[in-house]
Amino acid sequence: MKTLEPSMLAALAPREDFPILAREVHGKPLVYLDSAASAQKPRQVLEAMENFQRTSYANIHRGAYTLSEEATAAYEGARKKVARFINARNVREVVWTRNTTESINLVANSWGGANLKVGDVVLLSEIEHHSNIVPWQLIAARTGARLAYIPVTDGGELDQEAYARLLETERPKLVAVTQMSNVLGTLPPVREMIAQAHAVGALVLLDGAQSVPHLPVDVRALDCDFLAFSGHKMLGPSGIGVLWARRELEAMPPFLGGGDMIREVSLHSSTWNDLPWKFEAGTPAITEAVGLGAAVDYLSALGMEQVHAHEQALTAYALERLAAVPDLTVYGPPAERRGGVCSFTLGDIHAHDLATILDNAGVAVRAGHHCAQPLMERYHIPATARASFYVYTTAAEIDALAEGLMQAREIFAL
Ligand SMILES: Cc1ncc(COP(=O)(O)O)c(C=O)c1O
């Protein structure tokens with residue numbers, strides 16, 4: 001079995017920071033292996049939100065009184081933290097949304113609605129989450145644009161030869177791909193893919209739902225055009241997400257209309273606020289933005305290189321541990337080309353049954369199609385169970401997973 005460095009056996013972040021990890025499930029210590037769905041929050045995030053609610057909460061931007069000014073400063077301060085975290089050129093490139101899904105819908109409706117026409121192609125991939133497929137289907141139906149897909153190899157990677165061919169033959173207007181698969185953990189070579197797309201005049205949207213929480217992501221180094229991600233997968237609260245977009249895209253029309261996104265309104269027409277507020281209609285998730293700011297502080301203090309290294313070490317360990325479980329199939333690339341996600345099936349046991357047995361042992365894994373039905377179809381499987389890792393995950397928790405799987409084999413007499 002692979003030996004881990006002693007420092008890698010432990011969690012990267014102090015586990016005491018995460019109150020929920022101290023609880024038990026079915027009389028067993030909780031082993032939380034579902035961070036790819038939603039991460040747990042450290043007390044620093046919980047306290048930042050509670051302190052804000054207790055001391056400074058008010059609606060933002062509108063009030064010329066102290067509380068509202070403090071709330072606005074906290075809300076806009078969080079935006080600055082996020083901008084620094086992804087190395088945005090300008091804080092105005094950071095738009096608050098509810099989540100990755102809303103960020104992608106914003107681009108599909110606003111940019112897509114204004115720029116796509118009959119016969120235009122949006123190039124996606126077979127490993128995309130439904131939230132990077134369905135918004136494009138909707139806008140394609142409205143505009144007459146067409147979708148094409150980069151195929152995934154048997155080993156779970158995007159077929160780069162096919163990608164180069166598709167760029168030449170389809171001449172897409174936009175390439176929208178994930179920076180990390182939520183099912184296979186695949187890390188496509190997005191830097192090269194972006195340069196290739198730009199060479200044929202296509203813009204690139206990166207789905208950063210899984211990458212921004214787990215890897216250093218630098219929008220300037222990547223040179224992408226849009227990046228979408230969610231607060232709840234990166235130690236922050238649900239209800240807050242981000243769309244980063246280049247300032248050059250200021251010309252995009254608004255997505256939702258209402259308060260705060262306007263400069264002037266008359267009965268029959270309106271003019272729009274500056275970026276980013278032009279895309280932030282109505283009262284936003286103020287406390288949640290503050291919480292996400294605290295989560296960014298927490299991750300930055302750990303160091304994103306260290307976060308990635310920790311998860312790669314755990315993944316290498318997990319792949320070895322799981323390889324020793326008879327009848328188990330793990331999907332996706334080798335550890336060095338994937339993030340901290342392992343999807344697997346065990347014999348003919350249904351993934352939901354497997355997750356229930358593991359839950360009885362205190363181990364929380366996700367089971368199902370993981371909002372990636374086209375990918376399940378590609379591998380001719382209805383579902384997988386998925387274990388995913390984060391800064392608080394330990395090698396001992398992966399041992400607990402492997403032991404739970406051996407118990408499942410016994411129960412199902414495999
Ligand atoms: C790769 C990927 N994209 C998009 C999403 C959607 O994120 P949200 O539900 O926060 O909008 C997820 C969530 O699991 C994801 O893993």
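These are my notebook entries on a predicted model.

**Entry 1: the ligand**

I began with the ligand and counted 13 residues around it. The closest are Asn-99, Thr-101, Asn-182, Ala-209 and Ser-230. Then I sorted the shell by class. I found 10 polar residues, 2 nonpolar ones and 1 charged one.

**Entry 2: strand 7 and its partners**

Next I looked at strand 7, which spans residues 174-178. How many of its residues are buried? I got 5 of 5, so I noted the strand as mostly covered. Then I checked which way the residues point. Leu-174, Ala-176 and Thr-178 point one way from strand 7. Val-175 and Val-177 point the other way. Residues on both sides are buried. I reminded myself that side chains in a regular strand alternate between the two faces of the sheet.

I then looked for the partners of strand 7. Strand 5 runs parallel to strand 7, joined by 2 bridges. Here Leu-123 stands opposite Val-175. Strand 8, residues 203-207, also runs parallel to strand 7, and 5 bridges join the two. In this pair, Ala-176 stands opposite Leu-205.

**Entry 3: helix 6**

Helix 6 covers residues 160-170. Which of its residues are buried? I listed Tyr-163, Leu-166 and Leu-167. They span an arc of only 100° around the axis, so they sit on the same side of helix 6. The face turned away from that buried side carries exposed residues: Glu-161, Arg-165, Glu-168 and Thr-169.

I asked what covers the buried residues of helix 6. The cover includes strand 5 (121-125), strand 6 (146-150) and helix 7 (190-199). Arg-171 follows helix 6, and its phi is positive, near 45°.

**Entry 4: an open sheet**

I moved on to an open sheet of 4 strands. The order is 13-14-17-16, and the pairing is antiparallel. Which strands stand at the edges? I found strand 13 (328-331) and strand 16 there. Each has a single partner strand, so one side of each has no neighbour in the sheet. Neighbouring strands are turned by 30° against each other on average, direction ignored.

I looked at one pair in detail. Strand 14 (residues 341-346) and strand 17 (residues 384-388) pair in the antiparallel sense over 4 bridges. Ser-343 has Arg-386 in strand 17 as its bridge partner. I added a reminder that strands of a sheet pair through backbone hydrogen bonds.

Then I looked for helices on this sheet. Helix 10 (residues 304-323) lies across strand 13, strand 14 and strand 17. It runs at about 10° to strand 14. Helix 11 (residues 351-360) packs on the sheet too. Helix 11 touches strand 14, strand 16 and strand 17. Its direction makes about 160° with that of strand 16.

**Entry 5: backbone angles in loops**

Most residues other than glycine have a negative phi, and most peptide bonds are trans. I looked up some exceptions.

Asp-260 has a positive phi, near 75°. It lies in the loop between strand 10 (241-245) and strand 11 (262-265). Is Asp-260 buried, exposed or in between? It has 16 other C-beta atoms within 10 Å, so I noted it as partly exposed.

Cys-371 has a positive phi as well, near 55°. I found Cys-371 in the loop between strand 16 (366-368) and helix 12 (373-378). Cys-371 is partly exposed because 17 other C-beta atoms lie within 10 Å, while a buried residue needs 20 or more.

The peptide bond from Leu-275 to Pro-276 is cis, with omega near 0°. Pro-276 lies in the loop between strand 12 (270-272) and helix 9 (286-302).

**Entry 6: Met-261**

Last, I looked up Met-261, in the loop between strand 10 and strand 11. It has 19 C-beta neighbours inside 10 Å, so it counts as partly exposed. A buried residue needs 20 or more.

How far apart are Met-261 and Trp-277 in space? I noted 5.3 Å, C-alpha to C-alpha, although 16 residues separate them in sequence. I then listed contacts of Met-261, leaving aside neighbours within four places in sequence. Among them are Pro-254, Trp-272, Asn-273 and Trp-277. The list also includes Lys-278, Phe-279, Glu-280 and Ala-281.

How values were computed
Residues are numbered from 1 along each chain as its sequence is written. This is a predicted model: local features need pLDDT of at least 70, side-chain atom pairs count only at pLDDT 80 or more; totals for chains, interfaces and linings use all residues. A residue is near a molecule or strand if its C-beta atom, placed from the backbone, lies within 6 Å of it. Ala, Val, Leu, Ile, Met, Phe, Trp, Tyr, Cys and Pro count as nonpolar, Asp, Glu, Lys and Arg as charged, and the others, Gly among them, as polar. A residue is buried if 20 or more other C-beta atoms lie within 10 Å of its own, exposed if 12 or fewer, and partly exposed in between; C-beta atoms are placed from the backbone. Two strands pair if DSSP finds at least two bridges between them. Axes are lines fitted to C-alpha atoms, for helices over the stretch in contact, and angles run from 0 to 180 degrees between N-to-C directions. Two residues are in contact if their C-beta atoms, placed from the backbone, lie within 7 Å. The arc is that of the directions from the helix axis to the C-beta atoms.
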